Amino acid sequence: MNKTIFKHQITTEQELRDIVGYSSELVTRKAIHSIDQHCRHFISQSPMAFIATADRSGTCDVSPRGDKAGFVHVIDDNHLIIPERPGNRRLDSLRNILSNPCIGIIFIIPGLEETLRINGNAYIVNDDDLLEEMKVNDKKPLLGIGVKVEECYVHCAKAFKRSSLWDPSKWPEKEDLPVISQVLADHVNMKDVTAEDVAKSLKETYEKRLY
C-alpha cells in the first residue's frame, strides 16, 4: 500500500459493503450491453462528454470532449465514434488508449441532471468515411476515438442536485472565478511568459483553432 497521510483505509469490498450496503435490484439490473433507442436519443442531445482512460500502469486521466449536440456518432448498436478535434497535442487520452483500451464515458445534457455512462474498449481510428461524416466548417478531424460498447446505464441526479450545477442563481460571481491566464502563467513558470501573453494566446486559439 502506498504511504499516505490517510490513517484509516478500506482495503476490501466486504469492508465497503459493511459500511455502504448493497444496491437495490433496480440499480443492479439497469445496465445494458448495447446502445438502444434511449441511449441513441441521449447521445444525440449531448454536447459534452467526459472520457476516462488509463495507461498500462493504471495512471488515470479524465478529459472533456464537446461540440454541437450529437457530435458523438453512433455507428450501430455496439459502436460509436468521438471526433478528435484540435487540442493542445498532449494526447493524454490517445496515448493511454495505445497501451490500455479500457474507456469510460459520461454524457451530459444541459439542464438534465441524470447522465448517461458508457464503458467499453477504445481504438484510435482514421477511417476516412467515418471522419468525413464529422466534418465541421469543411474541416475533417484527423482522428477519431472508436468505442466498442460493453455497458450503458443512466446515472442518477444526486451529484447534480447537490451541486446545483444547472441553477444560475448558485453560480459564483464572475469576479470570484479563477483567472485562468494567471493560473497558467504561474504554472508554466517561464521567465518571459506573462498572464497577458497567455490570455492573448488563449483568445487566438478559441477564435481561430476550434476546428
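This report walks through one buried threonine, one pair of rings and two pockets in a predicted model.

## A threonine tucked into a strand

Let's start with T53. You'll find T53 in strand β1, which covers residues 48-54. Is T53 buried or exposed? With a relative accessibility of just 3%, T53 counts as buried, because the cut-off for buried is under 20%.

What does T53 touch, once residues up to four places away in sequence are set aside? Its contacts are T59, C60, D61, S93, N96, I97, C102 and I103. N96 comes up again here: the side chains of T53 and N96 are joined by a polar contact of 2.9 Å.

## One pair of rings

How many aromatic pairs does the model have? The count is one. The partners are F160 and W166, whose ring centres sit 5.9 Å apart. Their planes meet at 25°, so this pair is stacked; the cut-off for that label is under 30 degrees.

The two partners get separate labels for accessibility. F160, at 13%, counts as buried, while W166, at 30%, counts as partly exposed.

## The largest pocket

Now for some empty space. The largest pocket holds about 1,500 Å³. Its lining takes in 39 residues, and the ones closest to the centre are R85, P86, G87, N88 and R89.

Which helix or strand gives the most to this lining? That's α8, with seven residues. Helix α8 spans 195-208, and it is joined by β2 (60-66), β4 (79-84), α4 (92-99) and α7 (180-188) in supplying at least two residues each. As for chemistry, the lining of the largest pocket splits into 19 nonpolar, 13 charged and seven polar residues.

## The second largest pocket

Next comes the second largest pocket, with a volume of about 230 Å³. Which residues line it? Here's the full set: V27, T28, K30, A31, R117, E151, Y153, H155, C156, K158, A159 and R162.

Three elements each put at least two residues into this lining: α2 (25-29), β7 (143-155) and α6 (158-163). Sorted by chemistry, the second largest pocket has five nonpolar and five charged residues in its lining, plus two polar ones.

Terms used. Residues are numbered from 1 along each chain as its sequence is written. This is a predicted model: local features need pLDDT of at least 70, side-chain atom pairs count only at pLDDT 80 or more; totals for chains, interfaces and linings use all residues. Side-chain values use heavy atoms; hydrogens and water are left out. Helices (H or I, at least four residues) and strands (E, at least two) are DSSP runs, numbered from the N terminus. Buried means under 20% relative accessible area, exposed over 50%, partly exposed in between (1.4 Å probe, protein chains only). A polar contact is a pair of N or O atoms within 3.5 Å; within protein, one must be able to donate a hydrogen and the other to accept it, and residues adjacent in sequence count only if both atoms are side-chain atoms. Contact means heavy atoms within 4.5 Å. Rings of Phe, Tyr and Trp (its six-membered ring) pair if their centres lie within 6.5 Å; planes under 30 degrees apart count as stacked, over 60 as edge-to-face and the rest as tilted. On a 1 Å grid over the protein atoms alone, a cavity is a set of points where a 1.4 Å probe fits but cannot get out, and a pocket is an open set with protein on both sides within 12 Å along at least five of seven lines; lining residues have an atom within 4 Å of a point. Grid points are joined across faces, edges and corners, and a volume is the space filled by probe spheres set on the points. Ala, Val, Leu, Ile, Met, Phe, Trp, Tyr, Cys and Pro count as nonpolar, Asp, Glu, Lys and Arg as charged, and the others, Gly among them, as polar.
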